[in-house]
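Got the viewer open? Set it to show ribbons, keep the side chains ready to switch on, and follow along stop by stop.

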Amino acid sequence: MRATPRLLATATSTGNGLKPAPLAILPPIALYRRLLRAHRKHLPAQMRLLGDEYIKSEFRLHKNIDNPAHLIGFLTEWQLYAQKIEGDSWKGEKLDPAKVEKMSDQQIGQMYELMQAIKKNREEGDGEL
């Protein structure tokens with residue numbers, strides 16, 4: 001990810017007018033650390049393992065993005081995710097249908113695989129997830 005200071009300082013809006021906009025997008029490495037720290041503090045062990053692997057994979061896959069729009073979108077969504085995990089507002093939350101409509105077939109496939117992994121962990125474990 002090649003982030004310029006101008007891109008990182010750009011304020012973003014959630015678009016619904018109900019939530020305050022984040023002040024600025026965190027740089028990729030700082031955001032990556034924040035996400036792992038949030039998982040360590042706020043998630044059960046099984047969910048943390050699954051989440052950490054997913055974060056590591058996504059950041060590796062997006063390491064060489066040059067398109068500023070993709071970079072801003074990627075970092076913004078992960079920053080919003082971090083805020084939800086830290087505030088425990090993610091529990092029981094459903095996906096926004098507008099975001100699902102914008103997903104590519106590959107992204108929908110990834111979401112399905114993630115759902116299957118969560119179901120498998122629930123069945124094998126003690127229902128902690």
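## Stop one: a buried phenylalanine

Start by selecting F59, which counts as buried because its relative accessibility is 8%. Keep in mind throughout that you're looking at a predicted model.

Now add W78, another side chain that counts as buried, at 11% relative accessibility.

## Stop two: the aromatic pairs

With both side chains showing, you have one of the 6 aromatic pairs that turn up in a search of the whole structure. How are the planes of F59 and W78 set relative to each other? They sit at 50°, with the ring centres 6.0 Å apart, so this pair is tilted. Colour the helices and you'll find F59 in helix α3 (residues 45-61) and W78 in helix α4 (residues 68-87), so the pair ties together parts that are 19 residues apart in sequence.

Leave W78 on and select Y81. These two make an edge-to-face aromatic pair, with 85° between the planes and 5.3 Å from centre to centre. This time you stay inside one helix: W78 and Y81 both belong to α4, 3 residues apart, which is about one turn of the helix. Is Y81 buried or exposed? Neither label fits: Y81 is partly exposed, with a relative accessible area of 29%.

To see the whole group, select Y32, Y54, F59, F74, W78 and Y81 together; they form one aromatic cluster.

## Stop three: α2 against α3

Hide the rings and bring up α2 (residues 28-42) next to α3 (residues 45-61). Their axes are 9 Å apart and the helices pack at an angle of about 170°. That angle makes α2 roughly antiparallel to α3.

Which residues meet here? From α2, show P28, L31, Y32, L35, L36, H39 and R40; from α3, show R48, G51, D52, I55, K56 and F59. Sorted by class, the contact between α2 and α3 has 7 nonpolar, 2 polar and 4 charged residues. You'll recognise Y32 and F59, since both are also members of the aromatic cluster.

## Stop four: over to V100

Next, jump to V100, in helix α5 (residues 97-102). V100 is partly exposed, with a relative accessible area of 29%. What does V100 touch, leaving aside its neighbours within four places in sequence? Select L95 and I108: V100 is in contact with both. For a distance to try in your viewer, pick the C-alpha atoms of V100 and M111; they are separated by 9.8 Å, with the two residues 11 residues apart along the chain.

## Stop five: zoom out and check confidence

Pull back to the full chain. How many helices and strands are there? There are 6 helices and 0 strands, so walking from the N terminus you pass α-α-α-α-α-α. Of the 129 residues, 25% count as buried. For contacts between residues at least 6 apart in sequence, 64% join residues at least 24 apart.

Finally, colour by pLDDT. The chain averages 80, and 75% of the residues score at least 70. Confidence is highest in α2, at a mean of 94, and lowest in helix α1 (residues 5-8), at 50. Select residues 9-14 last: here the pLDDT is below 50, and the stretch has 13 contacts in the model beyond near neighbours in sequence.

Methods. Residues numbered from 1 in each chain as written. Heavy atoms only, no water. Phe/Tyr/Trp six-rings, centres within 6.5 Å; stacked < 30°, edge-to-face > 60°. Helix = DSSP H or I, 4+ residues; strand = E, 2+ residues; numbered from the N terminus. Buried < 20%, exposed > 50% of the residue type's maximum accessible area, 1.4 Å probe, protein only. pLDDT = per-residue confidence, 0-100. Contact = heavy atoms within 4.5 Å. Axes fitted to C-alpha atoms, helices over the stretch in contact; angles between N-to-C directions. Parallel < 35°, antiparallel > 145°, perpendicular 65-115°, else oblique. Nonpolar A, V, L, I, M, F, W, Y, C, P; charged D, E, K, R; others polar.
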